[in-house]
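Colleague: I should like to go through this structure with you, beginning with confidence and then turning to particular residues.

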Amino acid sequence: MSVGVLGVRSPTAISRLAREGGLAAGLGAALAQTGPVPCSRRGRTLLPAGWGQLVDCWQPAGAAGAHGSCASVVLPHPVAAAEGLELIEVTLAGPIALTATTGPAARWSARLIAVRVGLTDRMLGLAVGHLAGRESDGAPLTSLQLVQGAIADVTSCLEICRHGLEVIDSEPPGPAQAFDWMHDRLDRADLAISGMFGAAGYLADHPVRCLRLVALLRDLWTEPAARATGEGGRE
């Protein structure tokens, strides 16, 4: 991970780095090299490979940061590993000191939306290139009305979320419902993109596998009780 992307805080900058470099680059931009990391209440999180050793405190969504001596263990997760990430379980190995935080859940939610927007845009570009190289009745698949409609829907979703990120750049983060709304739209967009690759999009070695990790990231980085889906998650 390049030191140049550590600690990038602007949502638009995070989104750009995710679009240009992929999921690991986007997460690296969303996180700082030191300080609390977002995680579930069980202490699990997804981080760029090698970052586990940098964790000195953890911060469950919606809670104060817990600082102390931490131990981190990398859990097996082949898809995460293929994307340059590690599924990490963090445990406190020493005295706990709680620190007050201001809107931690909103801060992590905004950064995760930024990562997702960049990643979805990156995968849409791959999908359009894939479809343009395939023909139906002598014409590229991108000329089909159904395909054009699907691409337009994803593009519209990205534009709406980009506008939301621009607002976040200039104003305090909004209510959790706004982030949930953007997450839900991006979920639909990602599903549509995966379908554009046909059966190949569900193979473990296909680049679009990165979109399957964002659902896990949402569970680990955001407060389950604040989501419309209720308690529980995929971790």
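The exchange below takes up confidence, salt bridges and some individual residues.

Colleague: Which helix has the highest confidence in the protein?

Modeller: This is a predicted model, and the protein averages a pLDDT of 79, with 71% of the residues scoring at least 70. Confidence is lowest in strand β4 (residues 65–67), at a mean of 51. The highest value, 93, belongs to helix α3.

Colleague: Over residues 225–234, how many contacts beyond four places in sequence does the model have?

Modeller: Two stretches have pLDDT under 50 throughout. Residues 1–6 form one of them, with 13 contacts beyond four places in sequence. For residues 225–234, where pLDDT also stays under 50, the number of such contacts is 16.

Colleague: How many residues apart in sequence are the parts that E83 and R209 tie together?

Modeller: The search of the whole structure finds nine salt bridges, and one of them joins the side chains of E83 and R209 at 2.6 Å, N to O. E83 lies in the loop between α3 and β6, and R209 in the loop between α6 and α7, so the pair links parts whose separation in sequence is 126 residues. Both partners, E83 and R209, are buried; the separation asked for is 126 residues.

Colleague: Is R116, the partner of D190 in a salt bridge, buried or exposed?

Modeller: The side chains of D190 and R116 meet at 3.0 Å, N to O. D190 lies in helix α6 and R116 in helix α4 (residues 104–132), so this salt bridge ties together parts 74 residues apart in sequence. D190 has a relative accessible area of 5% and is buried. R116 has a relative accessibility of 1%, and therefore counts as buried.

Colleague: Which residues are joined into one network by salt bridges that share partners?

Modeller: A salt bridge of 3.2 Å, N to O, connects the side chains of D187 and R218. D187 is in helix α6 and R218 in helix α7, so the pair ties together parts 31 residues apart in sequence. D187 is partly exposed at 31% relative accessibility, whereas R218 is buried at 6%. Through shared partners, salt bridges make one network of R116, D180, D184, D187, D190 and R218.

Colleague: The side chain of E86 reaches the backbone nitrogen of which residue?

Modeller: E86, in strand β6 (residues 85–92), is buried yet has no salt bridge, and the nearest side chain of opposite charge, R44, is 14 Å away. Beyond its neighbours within four places in sequence, E86 is in contact with residues including T45, L46 and V74. At 3.3 Å, the backbone nitrogen reached by the side chain of E86 is that of G50.

Colleague: Which residue has its backbone oxygen 3.5 Å from a polar atom of the side chain of S15?

Modeller: S15 is in helix α1 (residues 11–21), and at 6% relative accessibility it counts as buried. Among the other buried residues of α1 are I14 and A18. Leaving aside neighbours within four places in sequence, S15 is in contact with A114, V117, G118 and L165. The backbone oxygen at 3.5 Å is that of A114.

Colleague: How far apart in space are A24 and C210, C-alpha to C-alpha?

Modeller: A24 is placed in helix α2 (residues 23–30) and, at 16% relative accessibility, counts as buried. A24 and C210 are 186 residues apart in sequence, and their C-alpha to C-alpha distance is 9.5 Å.

Terms used. Residues numbered from 1 in each chain as written. Predicted model: local features only at pLDDT ≥ 70, side-chain atom pairs only at ≥ 80, totals over all residues. Heavy atoms only, no water. Helix = DSSP H or I, 4+ residues; strand = E, 2+ residues; numbered from the N terminus. Buried < 20%, exposed > 50% of the residue type's maximum accessible area, 1.4 Å probe, protein only. Polar contact = N/O pair within 3.5 Å; in protein donor to acceptor, adjacent residues only side chain to side chain. Contact = heavy atoms within 4.5 Å. Lys, Arg positive; Asp, Glu negative; His and termini not counted. Salt bridge = Lys/Arg side-chain N within 4 Å of Asp/Glu carboxyl O. pLDDT = per-residue confidence, 0-100.
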